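Open the model in your viewer and keep the selection panel at hand. The stops below go from the contact between two chains to the sheets of one of them.

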Amino acid sequence: MTECGGDSSGGPVTTLPISPVGSLDPNEKVGSTGFGLPRFVAGSVATSYAVFFENKPTATAPAVDVVVNDVLQKDSLDLSTVQLGSINFGKTVITPPTVPLLSGGPFSTTVDLRPETNLLVKIQSTLDAETGLLKWTFNSLDPATGKPPDDPLARFRPPGGQGVVFFSVLSKASVPSETAVKNKASIVFDTNLPLETNEWSNLIDKTLPQSSVSSLAATQRTSAFPVKWQGTDSGSGVGSYTIYVADDSGPFTTWLSETAAIQGTFIGQPNHTYSFFSVARDNVANTEKMKTVGEATTKVILGSCATNAAPSLTIVRSGFRFSNATQRFVQTAVIRNTGSTPVAGPLSLVLDALSANAALFNRTGLTSCASPTGSPYLDALTSAGASILPGQTVTLTLEFTNPTNQPINYTTRILAGSGIR
Amino acid sequence: MNLRLLLLGLVSCSATKMESAVLYTVSLDTSPLIGHSAAPFSLNFQLNDGSGLGNANNTARLFNFSFGAGGSTGLPMLVGGASGNLASEILLTDSGFLNSFTQEFVAGAALSFSLELSVVGELGPQPDQFSMAILDQSGFELPYASPFYAALVIDIFDGSHLVQTFPTDPTIPPFGGGDGVSMVSPVVMSPIPEPDTTFTIALALLGGTLLNRYSNWQKRNPKKLREQATELERRLTPD
């Protein structure tokens, strides 16, 4: 007599005492734990499963034959990648060949349990490519006869005896991200009714994360400056970032590797230009494509800020014309030296409090030192040797993007000298 | 010499000191456009607000269009405070930031039109601006030697206005195709001032009164009048 959740004598089965899913369930399906509650797994990595089976401790006799059935989802799993893991029962561990089951053919072996138990156990593993049925069969054999043993106690699974089989499988390449892959098995002890395990579910995450380094001011006045980055990922979420940096025109090298932080302090060298980009990795190891171009660039310039130019410089602005060719509003600004002495360059015209609807398209840069910072400026004289003589003028052409055609207003100042803008 | 004309001339001269509008005649040699592969061309006029308030303090009226052997075609494209068409007249008001009129035309040998432009200055640092450009079939301006992408630009400052004209840059082919276009700058006739209405009426009344008094004096002193007329004609007649 064999009992496994029921009466195996052929009498009526009154109950199937399958416990709720839990670590104590003797017949249980466990898969890759993945990430988070949805158990996200990457589509490119094989998902591993284990099926635990146990003859109940209260059974009155060992089991002669045990069959583990697992019907795999053909629509989402690539059956050609099914590979058996170890097969374990008692102190016995069998390791099948590490080749796909379909291409390697059914696995079959016989285990000799003597002298502890006068028994042979024949194990077969097959996969039906048509139905998706993955099956392990354990048959108890009398070493003398090669047939099922007559001794009721010399059998494969004594009461309370546990076993587990492992396998792995890849999802199909065509399966879209966030597809749920579900799996459960059933175990048959001798002629008893099948005992179903719990269902194990994973969500496929194939989406690559996206990330970028936040823009930096054109210049930094200190050697140590903050760098920030951010990223998004639909699915398991961004797990870490690798931040790359290029010094001047050199190659990009790793600054921070696999960090979960979203900012850091970079220490640069004076008069060096640094470019940064980030590569994100999500929580199931999907990794953003490698980049080759910096996303944020800055230069370390240690020095003083440019000062406001002499008040003898006056600015006369023209009106605006909209250019159909460039889709930009054009304006000129004439800088005149109304004083009696030359005003030396370099000079920059700064547009403060520029209307939010507009941007200075042909700006030289943004002020980062001379307060207020963040204002666009356009160089009027770029050379320290150049100057505006008394009575002379310099005309600048300003081009504004202004998609909503709203008014453009700003105030002006002129920065002089070689200090930082 | 007719003394009445002299007196009216005095009235006109006085009015130029109180101008709030100007009248120009704009002429342009458009013969380089005849048969050009960048056709059809369009005329684009803009009167854009400098204050940012859309205060509608200036208007531009364009009329008396003459295209030589050409003419206007199609329907105008209007943006903001623009109305009218090339076949009659166009009115632009700086009621928005961008006020633009565009309409196709067939180029003849010459283009001319009259521009009546009010010249009320803004209080802020940015003047209102009137401008004119010719667009090619792509809708882009011809390549002008101008930062404004325009042939004619008039900035209306407080108390003055600045007229700038620009030729095309023949070294740059139009975006719409064909070879570079060599067009000279438009000719803008010296402004003929239009008197302020109130001031004109006042001067007209003053002039009428003076004429009336002169007429009465003329009736009372015919001999004296003849002597004065003879003397005036002698002074005005060149040797």
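## The A–B interface

Show chain A and chain B together: 17 residue pairs, both members at pLDDT 80 or more, are in polar contact between them. The model is a predicted one.

To see which strands are involved, select β24 (313-317), β25 (321-323), β26 (328-337) and β33 (393-401) of chain A; each supplies at least two residues of the side of chain A that touches chain B. The largest share of that side, 4 residues, comes from β26(A). Colour the chain A side by residue class, and its residues divide into 9 nonpolar, 12 polar and 3 charged.

Next, select every residue in contact across the boundary: 24 residues of chain A meet 26 residues of chain B. Together the two chains bury about 2,000 Å², and 55% of that area lies on carbon and sulfur atoms. Now pick A:Phe320, A:Arg321 and A:Asn324, which supply 34% of the area that chain A buries against chain B, more than any other three residues.

Stay on A:Arg321 and add B:Glu141. Their side chains meet in a salt bridge, at 3.4 Å from N to O. The count of salt bridges between chain A and chain B is 1.

## A five-stranded sheet in chain A

Hide chain B and select β1, β3, β10, β5 and β6 of chain A. These form an open sheet of 5 strands in the order β1-β3-β10-β5-β6, with antiparallel pairing. The edges are β1 (28-31) and β6 (92-94); each has a single partner strand, so one side of each is left without a neighbour in the sheet. From one strand to the next, the twist averages 20°.

Zoom in on one edge. Strand β5 (residues 77-89) of chain A runs antiparallel to β6(A), and 3 bridges join the two. Label A:Phe89 to find A:Thr92 of β6(A) standing opposite.

## A six-stranded sheet in chain A

Move to β7, β8, β9, β4, β12 and β13 of chain A. They make an open sheet of 6 strands, ordered β7-β8-β9-β4-β12-β13, again with antiparallel pairing. Which strands stand at the edges? They are β7 (107-112) and β13 (195-196) of chain A, each with a single partner strand, so one side of each has no neighbour in the sheet.

Finish inside this sheet with strand β4 (residues 65-71) and strand β9 (residues 133-141) of chain A, which run antiparallel and are joined by 7 bridges. Select A:Val67, and A:Thr137 in β9(A) is opposite.

Key. Residues numbered from 1 in each chain as written. Chains lettered and ligands numbered in written order. Predicted model: local features only at pLDDT ≥ 70, side-chain atom pairs only at ≥ 80, totals over all residues. Heavy atoms only, no water. Contact = heavy atoms within 4.5 Å. Buried area = accessible area lost by both parts, 1.4 Å probe. Salt bridge = Lys/Arg side-chain N within 4 Å of Asp/Glu carboxyl O. Polar contact = N/O pair within 3.5 Å; in protein donor to acceptor, adjacent residues only side chain to side chain. Nonpolar A, V, L, I, M, F, W, Y, C, P; charged D, E, K, R; others polar. Pairing = 2+ DSSP bridges. Axes fitted to C-alpha atoms, helices over the stretch in contact; angles between N-to-C directions.
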